[in-house]
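Me: Could you take me through one part of this model up close? I'd like to know which residues meet where two of the helices pack, and what sits around them.

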Amino acid sequence: MSNKTRGGQFIVKETKCEDIFTPEDFNEEQLMMRDSVKEFVDKELWAHKDRFEKKDYAYTEETMRKAGDLGFLSVAVPEAYGGMGMGFVNTVLVCDYISGATGSFSTAFGAHTGIGTMPITLYGTEEQKLKYVPKLASGEWFGAYCLTEPGAGSDANSGKTKAVLSEDGKYYSITGQKMWISNAGFCSLFIVFARIGDDKNITGFIVENDPANGISMNEEEHKLGIRASSTRQVFFNETKVPVENMLSERGNGFKIAMNALNVGRIKLAAACLDAQRRVISGAVNYSNERIQFNTPIAQFGAIRSKLAEMATSCYAGESASYRAAKDIEDRITEREAAGSSHQEAELKGVEEYAIECSILKVAVSEDVQNCSDEGIQIFGGMGFSEDTPMESAWRDARIARIYEGTNEINRMLSVGMLVKKAMKGHVDLLGPASEVQAELMGIPSFETPDYSELFAEEKEMIGKLKKAFLMVAGGAVQKYGPDLDGHQQLLMAAADILIEIYMAESTILRTEKLAKTKGEAAVKGQIAMAQLYLYKAVDIITQKGKEGIVSFAEGDEQRMMLMGLRRYTKYTNMPNVVGLREIIASQLVAENAYCF
């Protein structure tokens, strides 16, 4: 375990390819799980996609019950409470492959297994867990999560819902309005957040869904996408909740909500992956069949460029998601071995990698949107029609940038959490940032490096990009200190640099590991994707670095930092981007599917 980087440390440490987990490392159990999930999705979801688009809420509920019968709702639940008790990688794996067909089912599944069940598993008392979790794990009951209110969205702790203790001290009366509640139409219990008195922080409660107990709902919301996902406003009017149904301690609700979102973020990233694979396969398939000018459009460079970019972003998303999932799983195992309870180990394990969870949420949710958008473009006019799966994929993808904290919030969080970790001494940012500053004052080396090994230049480039981040973030912290939070555009630029580094590094490490086991000749497409992703990342980092630097530095300092940025984003051997795309597209077109 000594080789493992802690959360956020990737920015100051070099990771070896042997120390990361990749989808090619799935064991037999994981491959069987993946195949059984895919079979369920093809048979029950993909084959009936039109029912979800026609707002067949009953069918969403029916397929959720089937998923429960097959054990898919219980993967992350400990065996003691009727679950399979599988590791974190398996949880992410199921989330990935079960979410490819339709966002409606994906949302119902994610809301139930994540924010509906997990808060009880991780924060509940033994009595609460024994009473509720087995029913949720089997699909006998479904869960929903009531946090958002008309006046409390991103500012989750500002909710107005009240919980008042009865005179005899036996129950709380909850009154308030919650909105955008997924699964509301068919759930058996709610995790409800309310404020007791003038408490600074909200408190969590487990509330059984009983209309006779002051619970009412609006009609289903009509939404851009995820049309058959039940989404309603829920009203609580002096709803009586026994005191033993308080979740964790009084005032702990905000903490529960934030930790539930950390897990939700990496699972949301995973839930976008198979959606991308299916869009790419559909686009490749169509472009092979569509003839224009007596030629399949798959032979045109403009289409091949799109296919290559779509596949590259998907491959990068897989690489980074499974890298982080295994890091979290190892951290959980390590904590359990040290004597922590499963609850404590899982909470702390995920919390440790909260930065990576935010990075993944932003990167993969934006990639799935771009991917489905290009899918529509490849289909042309047909892509705009409801008769093809592209337009529903595009609509369903749109919510992913809003769920689990908007991408703007997550961008700022990723950098903010990293700075906090540095202040606590968990990640040494100061030392490396000072070294970068000293390096900028020195004379650069003009030696020609040896790039004979695979990815030698790419790995050197990753190292330089990390220096670019430390230069920008270090300069920003020096300039603004604790007031950095007030400079959101600067934080967003720094976050984009951080995101691109993690995604590009994960992609290169996965491919290097793959090349070592299979040989370079067998993974030409993957090598091309790793190089293409890095090239695009360097472009983004150049742009965002400039934007960040000129926003806080002036005069000589600005000139020196801009010179440093040029040095840290300069290739010795610029890759042939068109050639890379051609390698990737040729493989996709030949295989007629996403084949990596």
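Reply: Let's start with the contact itself. Glu29, Gln30, Met33, Arg34, Val37, Lys38, Phe40, Val41 and Leu45 of helix 1 meet Val89, Asn90, Leu93, Val94, Tyr97 and Ile98 of helix 4, where contact means heavy atoms within 4.5 Å. Helices here are DSSP runs of H or I with at least four residues, strands are E runs of at least two, and both are numbered from the N terminus.

A quick word on the source: this is a predicted model, so local features need pLDDT of at least 70 and side-chain atom pairs count only at pLDDT 80 or more, while totals for chains, interfaces and linings use all residues. Residues are numbered from 1 along each chain as its sequence is written, and side-chain values use heavy atoms, with hydrogens and water left out.

Back to the pair. Helix 1 covers residues 28-45 and helix 4 covers residues 88-98; their axes come within 9 Å and cross at roughly 25°. Those axes are lines fitted to C-alpha atoms over the stretch in contact, with angles running from 0 to 180 degrees between N-to-C directions. Helix 1 and helix 4 are therefore roughly parallel to each other, a label for angles under 35 degrees. Their crossing is right-handed, meaning that the near helix is turned clockwise from the far one by less than a right angle.

Just past helix 4 comes Thr102, in the loop that leads to helix 5 (103-123). Thr102 counts as buried because its relative accessibility is 2%; the cut-off for buried is under 20% relative accessible area, with a 1.4 Å probe and protein chains only. Leaving aside residues up to four places away in sequence, Thr102 touches Leu45, Lys49, Phe52, Glu53 and Asp396. Leu45 is also one of the helix 1 residues that meet helix 4.

For the wider setting, an unreviewed UniProt entry puts "domain: Acyl-CoA dehydrogenase/oxidase N-terminal" at residues 27-140; UniProt positions use the numbering given here, feature names are shortened, and annotations may be inferred rather than shown by experiment. That span is 71% helix and 0% strand, and its end C-alpha atoms lie 30 Å apart.

As for cysteines, the structure holds zero disulfides, a disulfide being a pair of cysteine sulfur atoms within 2.5 Å. Cys95 is the closest cysteine to Cys272, sulfur to sulfur, but at 9.4 Å the two are too far apart for a bond. Cys272 is buried, with a relative accessible area of 6%.

Notes:
Buried < 20%, exposed > 50% of the residue type's maximum accessible area, 1.4 Å probe, protein only. Parallel < 35°, antiparallel > 145°, perpendicular 65-115°, else oblique.
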